[in-house]
Each structure stands twice: as structure tokens, then as C-alpha cells.
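Student: Could we go through this structure together, one question at a time?

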Amino acid sequence: MCSWDGSAAGVPVRLLGPPTSAPGAREAVVDVPDLTAAGARAQPMTDDGAADLYGDGKEAEDLSHPAWQKSRGAWFTLGG
């Protein structure tokens, strides 16, 4: 998760790395928090389609039962 002031000369500042080591690509943030607020929290969502969730060599998007395919959201606090 990074913050950026929106200017062309601005440089993104890394706030926090992935909140978990769970498989999947972080692809969306449900709500953009006020990054200047103490205790601001964010909830990134993952797309686990290419992840081998069950250790069987199959990507999640290729599993035969849709209920076995997953997306994940996890809340975490930015900047402590």
C-alpha cells in the first residue's frame, strides 16, 4: 500500500507491504482511508485465480467447483 500526492513530480511512498503471506494478487481496495488519520485502516481484496490454494498444482480458476475458488479481504492498520 502506497500513498501519493497526485502531482506529476510526486513519488509514491510505501506505507505497508502485503498484510499477509496468503496467495493471490492484491487488486482492489474496498475503501480509500484518510491516510493522514491515526489508525487509518484499509481492506485490500485479492484475486486468487492463479494461486494454488490447495497444494494440488491446480490454479484456483481451474477448480471444478466454484465454491473452492476464493477471493480474500483482510483489514490492516496503516502506519501503526
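Tutor: From the N terminus on, the elements of this protein, a predicted model, run β-β-β-β-β-β-β. Residues are numbered from 1 along each chain as its sequence is written, and side-chain values use heavy atoms, with hydrogens and water left out. Local features need pLDDT of at least 70 and side-chain atom pairs count only at pLDDT 80 or more, while totals for chains, interfaces and linings use all residues.

Student: How many helices and strands are there in the protein?

Tutor: Helices (H or I, at least four residues) and strands (E, at least two) are DSSP runs, numbered from the N terminus. On that basis the protein has zero helices and seven strands.

Student: Is glutamine 43 buried or exposed?

Tutor: Glutamine 43 lies in the loop between β4 (41–42) and β5 (44–47). Buried means under 20% relative accessible area, exposed over 50%, and partly exposed in between (1.4 Å probe, protein chains only). Because its relative accessibility is 17%, glutamine 43 counts as buried.

Student: Which residues does glutamine 43 touch, not counting those up to four places away in sequence?

Tutor: A contact requires heavy atoms within 4.5 Å. With residues up to four places away in sequence left out, the residues touched by glutamine 43 are Ala28, Val29, Val30, Gly73, Ala74 and Trp75.

Student: What does leucine 15 count as, by its relative accessibility?

Tutor: Leucine 15 is placed in the loop between β2 (13–14) and β3 (25–29). Since its relative accessibility is 32%, leucine 15 counts as partly exposed.
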